Amino acid sequence: MGKKRQILFPKHKEVLKQLGENIKLARKRRKLTTTQVSERADIVRSTLYLIETGSPSVTLGAYFNVLRVLGLQDDFLKLAADDEFGRKLQDLELL
């Protein structure tokens, strides 16, 4: 059975692309090479390249390990932290 490919709309691809760019800038600010980060994150350099370009084909674990190497692992907890829409739906059930 083949791997199912994830389909993303262009505006959502742009979000991933921006995430990758943010990761790349964080790496450069810390003056770390792609080799250093990929070794510390236990991934190959080509995977780091895909992360820095915002590829949706890379596992969430690989993204997390790169953030961990950069000291940004707590930023991972910010994902989906402010579920305003979900809270509104929950409040409607309470009425």
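**Aromatic pair, core and pockets**

Reader: How does Phe76 count by relative accessibility?
Author: Phe76 has 21% relative accessibility. Buried means under 20% relative accessible area, exposed over 50%, and partly exposed in between (1.4 Å probe, protein chains only). Phe76 therefore counts as partly exposed.

Reader: What kind of model is this?
Author: Residues are numbered from 1 along each chain as its sequence is written, and side-chain values use heavy atoms, with hydrogens and water left out. Local features need pLDDT of at least 70, side-chain atom pairs count only at pLDDT 80 or more, and totals for chains, interfaces and linings use all residues: the model is predicted.

Reader: Which residue forms an aromatic pair with Phe76?
Author: The structure holds 1 aromatic pair (ring centres of Phe, Tyr or Trp, taking the six-membered ring of Trp, within 6.5 Å; planes under 30 degrees apart are stacked, over 60 edge-to-face, the rest tilted). Its centres lie 5.0 Å apart, with 75° between the planes, so the pair is edge-to-face. Phe76 sits in the loop between helix 4 (residues 60-69) and helix 5 (84-94), and its partner, 12 residues apart, is in helix 4 (helices are DSSP runs of H or I, at least four residues, numbered from the N terminus). That partner is Phe64.

Reader: Which helix gives the most to the largest nonpolar core?
Author: This core has 15 residues (buried Ala, Val, Leu, Ile, Met, Phe, Trp, Tyr and Cys, joined through side-chain atoms within 4.5 Å). Helix 1 (10-29), helix 2 (34-41), helix 3 (45-52) and helix 4 each supply at least two of them. With 5 residues, the top contributor is helix 4.

Reader: Which residues does Ile51 touch?
Author: Ile51 is among the residues with the most contacts inside the core. Contact means heavy atoms within 4.5 Å. Leaving out residues up to four places away in sequence, Ile51 touches Gly20, Ile23, Ile43, Val58, Ala62, Tyr63 and Val66.

Reader: Which helix gives the largest share of the lining of the largest pocket?
Author: The largest pocket is lined by 13 residues, and Leu19, Tyr63, Leu67, Phe76 and Leu79 lie nearest its centre. A pocket is an open set of points on a 1 Å grid over the protein atoms alone, where a 1.4 Å probe fits, with protein on both sides within 12 Å along at least five of seven lines; lining residues have an atom within 4 Å of a point. Helix 1 and helix 4 each give two or more lining residues. The largest share, 4 residues, comes from helix 1.
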